[in-house]
Amino acid sequence: MTAQAGDAAAFDGKDYVRKLTPAPGVYRMLGADGSVLYVGKAASLKKRVASYFLKEQPSRRIALMVAQIAGIEVTVTRTESEALILENQLIKSLRPRYNVLLRDDKSYPQILLTDETWPRLAYHRGPRSLPGRYFGPYPSSGAVRETLDLMFKLFKLRSCEDSVFRNRSRPCLQHQIGRCTAPCVGLVPTREYDATVRRAALFLEGRSTELVDELGKAMEAASARLEFEQAAQLRDQIAAIRRIQARQYVEGEQVEMDVLACVLDQGMACVLLMAFRNGFNQGTRSYFPKTNGVESPEEVLGAFVSQHYLEQRPPREIVLSHAIPDLELLQEVFTGQAGRKVELKASVRGERARYLDIAKQNAALALATEIGSSASQRARLLSLQELLELPEPPKRIECFDISHTMGEATVASCAVFDAEGPVRGQYRRFNISGIEPGDDYAAMHQALERRFRRGVEEGVLPDLLLIDGGSGQLAQARAVLDELGVRGVAMVGVAKGEARRAGHEALVLPDGRELRPGAASPGLQLVQQVRDEAHRFAITGHRGKRQKARETSRLEDIPGIGPRRRASLLRHFGGLAGLKAAGAEEIARVEGVNAALAQRIYAALHGLEPQSP
């Protein structure tokens, strides 16, 4: 059930509270323009909302928010637990200006051990769509790559994609440097490889003591058979695993734990997460949530825990640097969500206290680095404001670039920066069609029209629009914005300097003036960064589109290949490269492809004359 009240002239909070239900639920404070100021949950909506209007506020931030309230919406829930979950969903989607906000992030990386005849170890991020076993999650990509590097040294499992694996005729470099046993060319028996796969799984599960015992027995058996070289390899493997155990194990326990430390300074916050799975330290990761004026580390950490673990599966144990609000409620919700007991601890001793101290020290160092970086970013924004004579530093910068090869596969990109740097989740690409090949002006016009037509509908527009190009490209931007009636967006063309040297760019203004601030200008350095991001993003999209078009067109030219067979061939061989590397006999094994068609495909891909039947 949802109730709403609002009046642009004056909102009487006390009167509204009198009619409010005492049930649990979520409330949303609204500003005069309809924007959401704050989202909160409550065991009793009546009591919680009344606290904003019936007594003096504990902080200037809350007092400032209350002064802006023009309306309140409430949603009643059955329990406080439901309210907590709904609150998190609304904070993620609405991003209110007075809530602590955890920046949108990708899912955590994992390690995948595939389920196939010759399993491979691989880095994985995203949904678990591939068959196999998943280990993790790990706190960062670096932690996954470090673990994979260790796994390949210890167990020598394959890492190559199936399209490469199926078409090898000799061992690759990984085998030569001792990181793979080369199952692709039959240098390791299936039985031996399967045993190695099982041992690798034991290691990733944290059952290294069991693994060491098994390897010890295998070493003794090899020695008894006088296979001393194999026994020496097993001995070295055991020694390496024991070194890892000694360095990383926590109190000899099978610990599944996250250690969280929160530090605040100069209006910024850092939450550092140190992850342990199966007793092993999987590394750390730093988060910098937007505090929006919150000055309490307890409140920042509480918001982080709620937003983070309602999106990610919580471990069995979460150690906290501060006692957070609603600790027992969060513990109850996480336990229900995980299907097993989850404990939140704000007071620990012994080994856990030592790790908490390490996390605090690292959080302080990470925050100091971030503050220095943010200060540099603010300085560059102020320099850009002064350089372009803007009324205030731009809060949102967008840059457009066009990429193609001789007019082929034209793609436009839009990179987005805010006061803190790149906002990669809002980058956009535009596939350009219906224009003369190589007409960059028409491509820019189409991309800008599509972006700003939607921007006008959604109310999301940049303060500063950068166009990679000179006066001609800038004229396209001015024409599009005039057509759509967009006002208040500053426009600048970024023209390449002499010999395309960085730092010599000319900034072209709509009135025809050109600014050449030089390489030492912090404002130009920011423009270069945004322009380079747009260029990188455009090039990546163009290359992907061009490759896809070439793969499709080369197969389309072969008589007898329609969309279904083409898709089947590319899927079977993992792309055009895998198909080209295959022989006619292998191609003929694909469903729907007979020997004659396979010969035509092979001949077409290798520039040969097709054989007569």
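## Exercises on buried contacts

Arg-396 is buried, as its relative accessible area is 16% (buried means under 20%, exposed over 50%, partly exposed in between, with a 1.4 Å probe and protein chains only). The model is predicted: local features need pLDDT of at least 70, side-chain atom pairs count only at pLDDT 80 or more, and totals for chains, interfaces and linings use all residues. Residues are numbered from 1 along each chain as its sequence is written, and side-chain values use heavy atoms, leaving out hydrogens and water.

**Exercise 1.** Which side chain meets that of Arg-396 in a salt bridge, and is Glu-398 buried or exposed?

*Solution.* Start with the rule: a side-chain nitrogen of Lys or Arg lies within 4 Å of a carboxyl oxygen of Asp or Glu. The partner is Glu-398, at 2.9 Å from N to O. Next, check the accessibility: Glu-398 has a relative accessible area of 1%, so it is buried. Elsewhere, Asp-15, Arg-18 and Lys-19 are joined into one network by salt bridges that share partners.

Now compare the pair Glu-392 and Lys-395, whose side chains meet at 3.2 Å, N to O. Glu-392 is partly exposed at 44%, while Lys-395 is exposed at 52%.

**Exercise 2.** How many salt bridges does the rule give, and where do Arg-179 and Asp-149 lie?

*Solution.* The count comes to 32 salt bridges. In one of them, the side chains of Arg-179 and Asp-149 meet at 2.8 Å, N to O. To place the partners, look at the elements: Arg-179 sits in the loop between helix 7 (173-176) and helix 8, and Asp-149 belongs to helix 5 (residues 141-155), so the definition of helices as DSSP runs (H or I, at least four residues; strands are E, at least two; both numbered from the N terminus) is what sets these labels. The pair links distant parts of the chain, 30 residues apart. Finally, Arg-179 is buried at 16%, whereas Asp-149 is partly exposed at 29%.

**Exercise 3.** What does the side chain of Gln-307 reach at 2.8 Å?

*Solution.* Locate Gln-307 in helix 11 (residues 297-309), where it is buried with a relative accessible area of 4%. Then follow its side chain to the backbone oxygen of Val-100, at 2.8 Å. To complete the surroundings, list the contacts (heavy atoms within 4.5 Å): leaving aside residues up to four places away in sequence, Gln-307 touches Asn-88, Ile-91, Lys-92, Val-100, Leu-101 and Leu-102.

**Exercise 4.** How many aromatic pairs are there, and which elements hold Phe-276 and Tyr-355?

*Solution.* Rings of Phe, Tyr and Trp (its six-membered ring) pair if their centres lie within 6.5 Å; planes under 30 degrees apart are stacked, over 60 edge-to-face, and the rest tilted. The count is 11 aromatic pairs. Take Trp-118 and Tyr-193: they are edge-to-face, 5.2 Å centre to centre and 70° between the planes. Trp-118 lies in the loop between strand 5 (110-114) and strand 6 (121-124), and Tyr-193 in helix 8, 75 residues apart. Both accessibilities are given by value: 17% makes Trp-118 buried, and 1% does so for Tyr-193.

Phe-276 and Tyr-355 also form an edge-to-face pair, with 4.7 Å between centres and 65° between planes. Phe-276 is in strand 9 (residues 268-277) and Tyr-355 in helix 13 (residues 351-388), so the pair ties together parts 79 residues apart in sequence. Both Phe-276 and Tyr-355 are buried.

Note on methods:
Polar contact = N/O pair within 3.5 Å; in protein donor to acceptor, adjacent residues only side chain to side chain.
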